[in-house]
Amino acid sequence: MTAFLQIQRLRKTYDDVVAIDQVSLDVRKGEFMTFLGPSGSGKSTTLYIVAGFQEPSEGRVLLDGKPLLSVAPNKRNIGMVFQRYTLFPHLTVGENVAFPLRVRRRPDAEVKAKVDKMLALVHLSECRDRMPAQLSGGQQQRVAIARALAYDPPVLLMDEPLSALDKKLREEIQLELRRIHQETGVTILYVTHDQEEALRLSDRIAVFNKGRIEQVGTGEELYANPASRFVASFIGNSNFLPVRLKSNTDGVMNGVFPNGHEVASGAFNPALTPGDDGTLMIRPEQMRIRSLHDMRSAANAASLPVTVRDITYLGDAMHYAVATPWQQEISIRMPAGHRHDSGLAIGTQALVDWDARDVRLFSQA
Ligand SMILES: Nc1ncnc2c1ncn2[C@@H]1O[C@H](COP(=O)(O)OP(=O)(O)OP(=O)(O)O)[C@@H](O)[C@H]1O
Ligand SMILES: [Mg+2]
């Protein structure tokens, strides 16, 4: 099955600045796809090329199998919601939502019915006759969403639509967006640099870095199997331990930490050969810590002696900041309420261990 929206090898340069390069992505019909990445990584550029506000230097975009870039922006029928409120200040809420339908010269009865339906969808039916200035920021953004969806666009593009709102309002509208997406089945491309927002909303996430897409997958896939150190650090928290490879065969890696401590893991990376420096990634919740006096504490090839630097009670979890023998601070998160922390105090020696299969190995040192 071909994808509904196909983005193929897009490249955009401004003089000698490469804004995006080799950006390719297939989006399914009805999918909620999020572009996640740091500032300047090319998220908006990609979105604006799809919208028609910018022309790529190379590459193409297909919608439903047909080339999109040769279609004039105002004929693309693509809905767009921006970060800042873009309502027409001199039009009522109802007339704002009606605007794209009036532009398309739809009959009055149809416009009225559609405006009713859209305002009900965003739960703002009572505000139809108000002016935008008489609405809160969150309400204004919901009107912008209603307006963007009023003519049933096949694709809705949203560039950080919630970033100007406070946290509580943001979370409220995130829930609304999920519901609207489910009710309308519209295909959404959504830009954010907030990983929590991306995880909460998306069917899949495309992680942008330096003008390229580093990985595409569900939140779970990206968390469990990050393709790079960058993705691992951008989705969730991670510990990155430097390791020098001794061998890397048959799906098993053997190496040494900077203090000479040997480590083995099920993480295999074909890009690395003996002598290379790599990085082991272990999530804080995949590590366990226990006192050196604990009967079970025996160093093995998936453990490290550490010094406890800080212990924080987080309600459902305990967080430990510990120092490795080479003075790198790493994090461990364990469920609270167990007696695993007995004998652990700030300044004491402890042993951290993990399941060798949970580790990932990246080639960047
Ligand atoms: N008109 C322009 N002229 C020159 N460089 C540009 C222009 N527009 C964008 N860029 C550059 O292209 C790169 C990608 O920009 P883009 O706006 O796509 O990033 P972004 O991921 O949306 O960032 P943010 O999260 O800050 O919105 C950046 O390095 C930016 O400086
Ligand atoms: Mg942007």
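This passage describes three helix pairs and the surroundings of ligand 1 in a predicted model.

Helix H2 takes part in two of the packings described here, one with H3 and one with H4. H2 spans residues 93-103, and H3 spans residues 108-121. Their axes come within 9 Å and cross at roughly 125 degrees. H2 is therefore oblique to H3. The crossing of this pair is right-handed. On the H2 side, the contact involves Val93, Gly94, Val97, Ala98, Leu101 and Arg102. These meet Asp108, Val111, Lys114, Val115, Met118 and Leu119 of H3. Eight residues of this contact are nonpolar, one is polar and three are charged.

The packing of H2 with H4 has another geometry. Here the axes come within 7 Å, and the crossing angle is roughly 30 degrees. Angles under 35 degrees count as roughly parallel, so H2 is roughly parallel to H4. The crossing of H2 and H4 is right-handed. H2 contributes Val93, Asn96, Val97 and Pro100. H4 contributes Val143, Ala146 and Arg147. By class, the H2 contact with H4 holds five nonpolar residues, one polar residue and one charged residue. Val93 and Val97 of H2 appear in the contact with H3 and also in the contact with H4.

H4, residues 137-149, also packs against H5, residues 167-184. The angle between them is about 20 degrees, and the axes lie 11 Å apart. H4 and H5 are therefore roughly parallel to each other. H4 passes H5 in a right-handed crossing. From H4, the contact draws on Gly138, Arg142, Ile145 and Leu149. From H5, it draws on Leu169, Glu172, Ile173, Glu176, Leu177 and Ile180. Six of the contact residues are nonpolar, one is polar and three are charged.

Ligand 1 is surrounded by residues from several parts of the sequence. A run from Pro38 through Ser39, Gly40, Ser41, Gly42, Lys43 and Ser44 to Thr45 lies around the ligand. Tyr14, Ala19, Glu160 and His193 are also among the surrounding residues. Three side chains place polar atoms close to ligand oxygens. In Ser39, a polar side-chain atom lies 2.5 Å from an oxygen atom of ligand 1. For Ser44, the corresponding distance to a ligand oxygen is 2.8 Å. Thr45 has a side-chain N or O atom 2.5 Å from an oxygen atom of ligand 1.

Terms used. Residues are numbered from 1 along each chain as its sequence is written. Chains are lettered from A and ligands numbered from 1 in the order in which they are written. This is a predicted model: local features need pLDDT of at least 70, side-chain atom pairs count only at pLDDT 80 or more; totals for chains, interfaces and linings use all residues. Side-chain values use heavy atoms; hydrogens and water are left out. Axes are lines fitted to C-alpha atoms, for helices over the stretch in contact, and angles run from 0 to 180 degrees between N-to-C directions. Helices (H or I, at least four residues) and strands (E, at least two) are DSSP runs, numbered from the N terminus. Angles under 35 degrees count as roughly parallel, over 145 as roughly antiparallel, 65 to 115 as roughly perpendicular and the rest as oblique. A crossing is left-handed if the near helix is turned anticlockwise from the far one by less than a right angle, and right-handed if clockwise. Contact means heavy atoms within 4.5 Å. Ala, Val, Leu, Ile, Met, Phe, Trp, Tyr, Cys and Pro count as nonpolar, Asp, Glu, Lys and Arg as charged, and the others, Gly among them, as polar. A residue is near a molecule or strand if one of its heavy atoms lies within 4 Å of it. A polar contact is a pair of N or O atoms within 3.5 Å; within protein, one must be able to donate a hydrogen and the other to accept it, and residues adjacent in sequence count only if both atoms are side-chain atoms.
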